[in-house]
Amino acid sequence: MDRIADVWGPRTPHGRGADWPARVDQQLADGVSESDVDRWVPSACVLCSNGCGCDIAVKDGKIVGVRGRAEDLVNRGRLGPKGLFGSWQAHGKERLTRPLVRRGGELVETGWDTAMDLVVRQSRRLLEEIGPLSHGFYTSGQLFLEEYYTLGVIGKAGIGTPHMDGNTRLCTATAAAALKETFGADGQPACHTDIDLCDALFLYGHNMAATQTVMWARVLDRIEGPDRPRVVVVDPRTTPAAEAADVHLAPLPGTNQALMNGLLRAVIANGWVDHDYVSHHTLGFDELKATVEPYTPQHVAEICRVSPAGLLRAAEIFGTSQRVLSTVLQGFYQSHQATAASCQVNNLHLLRGLIGKPGSGVLQMNGQPTAQNTREAGADGDLPGFRNWDNPDHVEELARLWNVDPLTIPHWAPPTHAMQIWRYAEQGSIMFLWISATNPAVSLPELARIRRILRQDDLFVVAQDAFRTETTELADVVLPAAMWGEKTGTFTNLSRVVHLSEQAVAPPGEARSDLDIFLDYARRMDFRDRDGDPLIKWTDAEGAFKAWQECSRGRPCDYTDLSYDKLRGSGIPWGGERLYTDSVFPTHADYCEDYGHDLLTGASTTPTDYKARRPDGRAFLKAAEYTPPPEVPSDDYPFIGTTGRSVYHFHTRTKTKRAPELQKAAPQPWVEISASDAADLGVAEGDLVRVESSRGGVEVPVRIGRCRDGVVFLPFHYGFQAANELTHTEWDPVSKQPLYKLSAVRIRKV
């Protein structure tokens, strides 16, 4: 079967409540058969947030293919095109095998001692002369939990800098923010099995058919089986998911909050509310009801340009179905009022009491395979273990665990989010920036600005990667890192399922695992605890995992019931299959991860105000009015530009462009416009056009279809012709996630 042409593979229909049938997908290198494989090493795919269980094929010390694992609860043996081809084919191509340092303006190979001595010398000098605020760390959603936790301890207890975040800020920071605002802590309430049990499925800004292909295959199998669920898709494009939907709502980008307020109003007005559940398990119903009252179908239609009948039909499906599963992703997260709109999805489920029950719940999706671990382990703007920055007892807990002075842990102000880290680097206060496993020279907004920052003479840049990228070419030191399959560690997918990925082969040349690089840095910096012992007391991945277990003990993301031995064979979710089955939420003031914010301004709720509400296990129904987006079309820039992904590529194509099948399927960027807009512009399929915003432009061929009138779409994967040449440096006030979906652009034929 051609899995490039048939992205989701053959159907295995099943009815509601039936087990999803197994279907094992496999891809081996040309000339290699199953009998040639020396051994199969258990792992899980790292090319989307689904985290499909798989086995790595090894022959003669090299990775030669991959197959899905039939018993895994996430994928039941299936793999998507990125997993089948992109997960392993890049390993032997164009790898970084020795460190690089910049001399005379050029990157030249050197040894580890030379490279690390330079890194440590710069780090020590800046710490002595300026202090911890001179250091910033910008990481990924690609590393393992053990690596994130080690990095988090180094940054927060070794150096003491609040400037730690990663590219997960760009894709799923709003997922964490929305969960904290509503439920008191991060952690997805629902699970994959709820797809098999639901009567209705709502996809909010989530092009599941392209971003989580195996998950969509599961949905297709329900759609083609008996007792099919009704499907509602909210997306300005007519994606394959939208084509399969019973109701497709295509709001103008930037108007999601108005649409959600309209859905909530319709559910309340029609009496589809479980008032007993709301009164016992939530706070804020009266304010929510008053806030959404003006959002009649006609008013919402004027703002969003959607059909009033379609809005009411979607509300009826939500209000009358017994089991509803909702998923949310970038169409909400990277747009205006991101956290506010995502919270309204939570609100819909709370109004009907459809949370923590089989077939019902919310998946505030992740975009990357290990984004959940970044948030859990504290390598981003969160404290490890879902602890609360504003709770002195939580900071004291970490200080005791790490045996450091609590004042070392930077908690005097909110942690520095990624967009602010780059602004501080631009302004010169951050002078040491360590980038690991990510390519911000393609993925961040307003790329011309990012390139200027990376080139600044007073910014020392360390880039840690497996390949040379647009970012490594602007670094002062480049550290060669091992990839998936070349190291051991755990990672947690979008539904809290933890997989163990065991080392299958040795990394090439002198490349090292990210864990070993961080441990080496900590040793050379001689970070110590209060007793003069090494701050980092572990030396391998399993030791780091055990240290993390102690950090997570008693917290919402408690890993103490897991172990490497238990994780061999299949994934296991922390917290059980579903969260909140007892309708008790982690909102108690002594336990919660965050005291919350005003959804419109981002202003923090004070501990005193939070405690005065006495949530004590009840969830918050947080309301917000719709406000117009910060950038709208004009005479000079008449279109709304939005960004997204191709089904064949992941992020900046660092790995997937090295898989011939994937690169051939999507070799270059494009712009997608509606047929009506194409006619008005006088352009045909394949014509070369220039798409410009006030920040930059790209020249790409035209594809006609899928977009609604007035909206154009560009993929963000392609360096130097990336959609992010056009995007702007604005972010959501609560989650601080950039607004990639809202750029005013113009188009002219080249």
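These are my notebook entries on a predicted model, taken in the order in which I looked things up.

**Entry 1: the sheet**

I started with the strand order. I found an open sheet of seven strands, ordered 6-5-17-16-15-7-8, with mixed pairing. I then looked for its edges, which are strand 6 (106–109) and strand 8 (164–166), each paired on one side only. Ignoring direction, I get an average turn of 20° between neighbouring strands of this sheet.

Next I noted what packs on the sheet. Helix 19 (residues 418–427) touches strand 7 (135–139), strand 8 and strand 15. The direction of helix 19 makes about 115° with that of strand 8. Helix 22 lies across strand 7, strand 15, strand 16 and strand 17, and I noted an angle of about 155° between helix 22 and strand 15.

**Entry 2: strand 16 and its partners**

I asked how many of the residues of strand 16 (residues 460–465) are buried. The count is six of six. I listed them by face: Phe-460, Val-462 and Gln-464 are buried on one side, and Val-461, Ala-463 and Asp-465 are buried on the other.

I then followed the pairing on each side of strand 16. With strand 15 (residues 432–436) the pairing is parallel, over five bridges. With strand 17 (residues 477–480) the pairing is also parallel, and here I count four bridges. Val-462 is a useful marker: the residue is the bridge partner of Trp-434 and stands opposite Val-477 in strand 17.

Going on to strand 5, I found that strand 5 and strand 17 run antiparallel, joined by two bridges. Leu-100 has Val-478 of strand 17 as its bridge partner.

**Entry 3: nonpolar cores**

I looked up the largest nonpolar core, which has 137 residues. Tyr-204, Trp-434 and Tyr-521 have the most contacts inside this core. Trp-434 is the residue I had already met as the bridge partner of Val-462.

I took Tyr-204 for a contact list, leaving aside neighbours within four places in sequence. The contacts include Val-234, Met-260, Leu-263, Phe-318, Phe-332, Val-345 and Leu-348. The run Ser-326, Thr-327, Val-328 and Leu-329 is also in contact with Tyr-204. Apart from the largest core lies another one of 37 residues, including Cys-54, Val-58, Ala-210 and Phe-650.

**Entry 4: salt bridges**

A search of the whole structure gave me 51 salt bridges. I picked several to write down.

Glu-510 and Arg-98 meet through their side chains at 3.1 Å, N to O. Glu-510 is in the loop between strand 19 (497–501) and helix 22 (514–525), and Arg-98 is in the loop between helix 1 (81–86) and strand 5 (100–103), so this pair ties together parts that are 412 residues apart in sequence. I checked exposure as well: Glu-510 is partly exposed, with a relative accessible area of 31%, and Arg-98 is partly exposed at 29%.

Arg-468 and Glu-473 form a salt bridge with the closest N and O atoms 2.8 Å apart. Arg-468 is partly exposed at 39% relative accessibility, and Glu-473 is partly exposed at 35%.

For Asp-529 and Lys-537 I noted a side-chain salt bridge of 2.9 Å, N to O. Is Asp-529 buried or exposed? Its relative accessibility is 8%, which is under the 20% limit, so Asp-529 counts as buried.

I also recorded a network of salt bridges that links Asp-113, Asp-117, Arg-512, Asp-520, Arg-523 and Arg-524.

**Entry 5: helix 23**

I checked the length of helix 23 (residues 541–552). Its twelve residues should span 16 Å at 1.5 Å a residue, and its end C-alpha atoms are 16 Å apart, which agrees. Among its buried residues I noted Ala-544, Phe-545, Trp-548, Gln-549 and Cys-551. The buried residues pack against helix 3 (145–159), helix 17 (371–377), helix 18 (392–402), strand 18 (489–492), helix 22 and helix 24 (564–567). Just after helix 23, Gly-554 has a positive phi of about 80°.

**Entry 6: Glu-181**

Last, I looked up Glu-181 in helix 5 (residues 173–183). Glu-181 counts as buried at 3% relative accessibility. Beyond neighbours within four places in sequence, its contacts include Thr-339, Cys-343, His-597, Phe-620, Lys-622 and Val-734. I also took one C-alpha distance: Glu-181 and Ala-258, 77 residues apart along the chain, are separated by 19 Å.

Key:
Residues are numbered from 1 along each chain as its sequence is written. This is a predicted model: local features need pLDDT of at least 70, side-chain atom pairs count only at pLDDT 80 or more; totals for chains, interfaces and linings use all residues. Side-chain values use heavy atoms; hydrogens and water are left out. A nonpolar core is a set of buried Ala, Val, Leu, Ile, Met, Phe, Trp, Tyr and Cys residues joined through side-chain atoms within 4.5 Å. Buried means under 20% relative accessible area, exposed over 50%, partly exposed in between (1.4 Å probe, protein chains only). Contact means heavy atoms within 4.5 Å. A salt bridge is a side-chain nitrogen of Lys or Arg within 4 Å of a carboxyl oxygen of Asp or Glu. Two strands pair if DSSP finds at least two bridges between them. The expected span of a helix is 1.5 Å times one less than its number of residues. Axes are lines fitted to C-alpha atoms, for helices over the stretch in contact, and angles run from 0 to 180 degrees between N-to-C directions.
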